[in-house]
Amino acid sequence: MKKTEPHIVVIFGASGDLTKRKLIPAIYNLHQQNLLGHPFAILGVSRTAMTDEVFRKRMMEFLPEDKTREDFISHLHYESIQTSEKEDYAKLKDKIDALKKELNAPANILFYLSTPPNMYSIIPNYLASVGLNNENDGFKRLIVEKPFGTNFESAKLLNKDLLKYFAEEQIYRIDHYLGKETVQNLLVLRFANSLWEPLWNHKYIDHIQITSAEKLGVEQRGGYYDQSGAFKDMLQNHLMQLVGLVAMEPPTVIEADAIRNEVLKVFQSIRPLQKETLSESVVRGQYTSSSIKGEEVKGYREEEGVNPESRTETFAAMKLHIDNWRWGGIPFYIRTGKKLPTRATEIVINFKPTPHHLFDSVEGVQNKPNQLIIRIQPDEGILLKVGLKEPGAGFNVKTVNLDFHYSDLSDSYVPTAYERLLLDCIQGDATLYARGDNVEKAWEIVQPVLDEWENNSEFPLHGYPAGSWGPLESESLISNHESGWRYPCKNLSNDGEYCEL
Ligand code: BG6
């Protein structure tokens with residue numbers, strides 16, 4: 001296990017939701033497992049004036065009520081500064097120096113930017129102005145939350161700005177999907193078994209689907225979401241990273257750059273989307289009001305903070321091709337949406353049918369192809385669908401499930417994504433963070449779609465009733481594959497059922 005040096009975590013945007021809901025509970029869990037090392041401190045920073053005591057009290061809200069909570073919160077401190085005022089950073093430096101002295105620790109500092117994105121290049125600049133980027137007396141690392149830019153140009157600019165003040169090795173661009181245990185397991189499944197790699201290519205795979213379905217709508221985030229939409233919020237980042245891991249070549253070693261180089265190569269091989277054929281490869285939708293089990297459910301345009309004439313998509317599906325030796329001719333289908341019937345993220349590897357059909361099938365379809373389903377969440381696990389003989393006379397083939405659920409490993413603790421990612425950053429491991437060139441490339445891939453949607457008001461935006469599986473048009477995207485989309489239910493093995501809310 002890697003060693004954790006004494007350190008200070010400085011969280012910008014400390015009065016925000018992410019800090020109390022995700023970051024502090026993640027650090028608490030690390031503390032509980034003795035993974036944080038000693039000494040350590042957490043310094044919350046934001047504009048809101050507050051004492052350490054008030055900050056501690058606020059942060060307790062999402063922590064379990066027990067004795068260790070008291071010990072943990074004694075490590076929390078708070079400093080209020082005008083984060084957009086350069087002069088205030090001297091005050092911050094003094095506070096950090098004082099903490100350092102109190103802890104008698106080297107200046108190992110992790111700065112977490114959990115602020116509105118317009119602060120992402122300002123804060124690093126002002127930190128550098130007081131020398132807080134200098135690693136002579138200890139590491140200085142920067143975690144940058146999403147969204148990393150809002151398009152290709154702005155992502156390039158942000159990278160350029162950050163690199164003026166911090167080196168690439170100091171910058172950790174977070175994509176919380178990479179911190180999910182089952183996403184990392186994808187690498188182990190692929191590269192710790194000799195079974196899959198020989199089959200993991202265009203010769204044996206027919207197509208690959210990646211679905212990230214959410215049951216929730218935009219909740220209290222209408223204002224943010226209406227400026228973003230499913231494509232920028234989920235597809236460009238989380239789903240593209242999954243494409244990278246599913247499609248990449250085996251890395252030479254499990255190290256940050258080796259893996260990120262392979263993901264970049266996948267992105268570089270993705271066939272550029274053409275304006276003329278965009279409507280054949282991209283479908284967008286927006287949920288409309290509906291009645292679910294007798295209850296009226298609001299449409300997206302009625303949500304708080306959303307423009308009543310909004311054309312922002314809450315559903316997006318895309319077909320893409322990876323033009324390389326492994327994947328030539330094999331389509332990848334990715335989709336994501338809010339207010340779908342269930343919450344499920346999964347990757348479905350659809351294998352080709354056998355070349356010759358020997359048996360009858362009880363399901364009416366001869367020789368149903370094998371499917372490998374990698375369930376990212378919930379009910380994390382792996383399901384392999386194979387044809388077996390139905391007991392009795394004749395040779396009737398029935399598709400059965402060979403399934404594994406993570407929950408069966410009941411004695412293993414599964415860390416949350418933020419827990420894993422924060423610890424990795426504290427330990428200087430950037431493997432599960434996105435590198436600057438990867439993020440830029442992922443934006444470049446989707447940019448033709450963003451341009452078309454911005455410039456062509458005729459590009460269809462299909463309505464879909466809240467609680468359904470998105471616009472019917474997403475079916476035509478995949479219609480030349482007999483299997484169509486897999487409709488994931490809440491539980492992994494309840495597959496094949498069309499979920500209703
Ligand atoms: C976030 C998006 O990045 O991911 C949210 O901004 C989305 O809109 C969330 O709900 C989904 O994350 P998870 O871990 O619940 O799949």
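Me: Which residues are around the ligand in this predicted model?

Reply: The residues around the ligand are Lys146, His176, Tyr177, Lys180, Glu214, Arg221, Asp233, Met234, His238, Lys338, Arg343 and Gln377, and the model in which they are found is a predicted one.

Me: What makes the approach of Glu214 to the ligand a polar contact?

Reply: An N or O atom in the side chain of Glu214 is 2.5 Å from an oxygen atom of the ligand, and since a polar contact is a pair of N or O atoms within 3.5 Å, the pair qualifies. The side chain of Arg221 also has an N or O atom at 2.9 Å from a ligand oxygen, while a polar side-chain atom of His238 lies 2.7 Å from an oxygen atom of the ligand.

Me: Why is Lys339 called buried or exposed?

Reply: Lys339 has 16% relative accessibility, and because buried means under 20%, Lys339 counts as buried. Its place is in the loop between strand 12 and strand 13, and Lys339 has a positive phi of about 55° although it is not a glycine.

Me: And why is Asn34 called buried or exposed?

Reply: The relative accessibility of Asn34 is 66%, and because exposed means over 50%, Asn34 counts as exposed. Asn34 sits in the loop between helix 1 and strand 2, and its phi, near 60°, is a positive value in a residue other than glycine. The loop between helix 1 and strand 2 also holds Pro39, which is joined to His38 by a cis peptide bond with omega of about -10°.

Me: How do you know that strand 4 is largely enclosed by the rest of the structure?

Reply: In strand 4, residues 109–113, 5 of the 5 residues are buried, so the strand is largely enclosed by the rest of the structure. Ile109, Phe111 and Leu113 point one way, Leu110 and Tyr112 point the other way, and all are buried.

Me: What makes strand 1 and strand 4 a pair?

Reply: Two strands pair if there are at least two bridges between them, and strand 1 and strand 4 have 5 bridges, in the parallel sense, so they count as paired. Val9 stands opposite Leu110 in strand 4.

Me: How do you know that the length of helix 10 agrees with what is expected?

Reply: At 1.5 Å a residue, the 14 residues of helix 10 should span 20 Å, and because its end C-alpha atoms are 20 Å apart, the two values agree. In helix 10, 10 of the 14 residues are buried, so this helix is largely enclosed by the rest of the structure, and its buried residues pack against helix 7, helix 9, strand 11 and helix 13.

Technical notes. Residues numbered from 1 in each chain as written. Predicted model: local features only at pLDDT ≥ 70, side-chain atom pairs only at ≥ 80, totals over all residues. Heavy atoms only, no water. Buried < 20%, exposed > 50% of the residue type's maximum accessible area, 1.4 Å probe, protein only. Helix = DSSP H or I, 4+ residues; strand = E, 2+ residues; numbered from the N terminus. Expected span 1.5 Å × (residues − 1). Contact = heavy atoms within 4.5 Å. Near = heavy atom within 4 Å. Polar contact = N/O pair within 3.5 Å; in protein donor to acceptor, adjacent residues only side chain to side chain.
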